Amino acid sequence: MSYTIEGATGAWELVIGLEVHAQVISQSKLFSGAATAFGAEPNSQVSLVDAALPGMLPVLNRECVAQAVRTGLGLKAHINPVSRFDRKNYFYADLPQGYQISQFAHPIVGSGTIEIELQDGSTRQIGVTRLHLEQDAGKSLHDQDPTRSFIDLNRSGVALMEIVSEPDMRSPEEAGAYLRKLRTILRYLGTCDGNMEEGSMRADVNVSVRRAGEPFRTRCEIKNVNSIRYVMQAIEAEAKRQIALWEEGGEVDQETRLFDPSRGETRSMRSKEDAHDYRYFPDPDLLPLVLDEDWIEGLKASLPELPDEKSARFVSEYGLTRYDAGVLVAEQASAHFFETVAKGRDARLAANYITGDLFAVLNRTGRSITDSPISAEALGGLLDLLADNTINGRIAKEVFEAMAETGEHPADIVEARGLRQVTDTGAIDTAVAQVLEANPDKLAEYRSGKDKLFGFFVGQVMKAMQGKGNPALVNEALKKALG
């Protein structure tokens, strides 16, 4: 069922496209040798090129080009063997050149696709229009002085990939799924770290509304949204604003807006510029970028296994559900953790422990899987104790919690706390006899036909054995005694 928003006059459909700015992982900037480390002292990573001193010439960073090509290949997109850098002219105080070197008419990467999976299990293909390289601007600091703004040029010239989607998304959920999937792909490729809170990945959100079956109406762009949650909230707020305007008989102006998360609303920033407003022209200091086909093929051969392929392999090789596979491959570290635990063991049980018990511990403690209090080797050891009947499932949960609290190895916890499972049939028979003797009324009811009381007797025997009885042997002994 398609997503719509109800207005006063009926249902409206959303049309959403995203322009994602992803900072390229590289040691130096797109056109200079200045460093790119996050959190450095203001203006400590600025070359003469970044500061736009007269006579300085840009020199293209080969690794940034390689990262863009890797990303294009990861998006199953067309790599353009010839691309070109243009000057995009506009004024910002933190843009020293007075223009941004970008790619307009001839981007390095053409059309591709991203498959997203929604909460109901359905999938959708979202088109990628293009990926182009461009340099970032600096940053204006407005909170350092009561009367002046300061300029930090550390980001000036940092390489960005602008990844532009087709207007294929129809709900905030789809936009959120698209961003999460794109971030996962970038992280797998090692081309962008995806840390939206640090500004290394941010989104411009294009939103319009229409009646079902109508052509596109006027869109507005919400600039620089820096979290997936805010992107989804901004879409909802902007759609409602536009619907109210149309229903009142007004018109939506094409403009750039900002999202205020504290108020849950968008507000006008400036009228939306068209391409001619930027006076694009080829950068005279940079030759067209020509890529060698063998070089592209070499990059393609070096790509890691990507999320969609890894998820499909987890389903076919380990017998996981598509949902569990998707959860595990969302982060490369989670996928690696799972494979370490599952190797030579019950893979479904490994997946259940990781996506259930372990993720619950990580959420509760605010830790990531790379900082997990339980290592993959230790969790594998716990599954080994289950497999060889040293412990049962109930005890395993107790041992798991102890592992999370102490960091100890499961075998040590079992020995120190005397949690080894009882498989001595004589001891189990004794416990069964004691339970039946203590519950003559229940025994009579069971033998009169109340078969459901069997579970009661199992629980009582396990309780008498402090949870250490082997469940299969307990069941077998009870069936024999009750029969």
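**Entry 1: a small start with three strands**

I began with an open sheet of 3 strands, which follow the order S5-S4-S15 with antiparallel pairing. Its edge strands are S5 (99-102) and S15 (281-282), and each of them pairs on one side only. A reminder to myself before going on: this is a predicted model. I then looked up how S4 (residues 86-89) is held to S15, and I found 2 bridges, with the two strands running antiparallel. For Asp86, the bridge partner in S15 is Pro282.

**Entry 2: the S6-S7 hairpin**

Next I turned to S6 (residues 112-117) and S7 (residues 123-135). How many bridges join S6 to S7? I found 6, and the strands run antiparallel. One pair I noted is Ile116 with its bridge partner Arg124 in S7. The two strands form a hairpin, with 5 residues between them. In the turn I came across Gly121, which has a positive phi of about 90 degrees.

**Entry 3: S10 and its partners**

I followed S7 onward to S10 (residues 159-165), where 7 bridges link the two strands in the antiparallel sense. Leu131 stands opposite Ile163 of S10, and His132 has Glu162 as its bridge partner in S10.

S10 also pairs with S2: I found 5 bridges between them, again with the strands running antiparallel. Here Glu19 has Val164 of S10 as its bridge partner.

Are the residues of S10 buried or exposed? I found the strand mostly covered, with 7 of its 7 residues buried. I sorted the side chains by direction too: Ala159, Met161, Ile163 and Ser165 point one way, while Leu160, Glu162 and Val164 point the other way. Both sets are buried, and I was glad to have Ile163, Glu162 and Val164 turn up again here.

**Entry 4: helix H2**

For a change from strands, I picked H2, which covers residues 172-189 and so has 18 residues by definition of its run. From its first C-alpha to its last it reaches 26 Å, close to the 26 Å expected at 1.5 Å a residue. How many of the 18 residues in H2 are buried? I found 14, and I noted the helix as mostly covered. Just after H2 comes Gly190, with a positive phi of about 75 degrees.

**Entry 5: a look at the surface**

I also wanted something on the outside. Leu48, Leu53 and Met56 make a nonpolar surface patch of about 250 Å². I traced Leu48 to the loop between S2 (10-23) and helix H1 (62-74). S2 is a strand I had already met, as a partner of S10.

**Entry 6: the cysteines**

My last search was for disulfides, and the structure holds 0 of them. Why does Cys64 form no bond with Cys192? Cys192 holds the closest cysteine sulfur to that of Cys64, but the distance is 12 Å, which is too far for a bond. A disulfide here would need the sulfur atoms within 2.5 Å.

I checked how covered two of the cysteines are. Cys64 counts as buried because its relative accessibility is 0%. Cys220 is buried as well, with a relative accessible area of 1%. The cut-off for buried is under 20%.

Key. Residues are numbered from 1 along each chain as its sequence is written. This is a predicted model: local features need pLDDT of at least 70, side-chain atom pairs count only at pLDDT 80 or more; totals for chains, interfaces and linings use all residues. Side-chain values use heavy atoms; hydrogens and water are left out. Helices (H or I, at least four residues) and strands (E, at least two) are DSSP runs, numbered from the N terminus. The expected span of a helix is 1.5 Å times one less than its number of residues. Buried means under 20% relative accessible area, exposed over 50%, partly exposed in between (1.4 Å probe, protein chains only). Patches are made of residues with over 30% relative accessible area and no salt bridge: like charges are joined within 9 Å, nonpolar side chains (Val, Leu, Ile, Met, Phe, Trp, Tyr) within 5 Å. Accessible areas come from the Shrake-Rupley method with a 1.4 Å probe; for residues, only the protein chains shown count as cover. A salt bridge is a side-chain nitrogen of Lys or Arg within 4 Å of a carboxyl oxygen of Asp or Glu. Two strands pair if DSSP finds at least two bridges between them.
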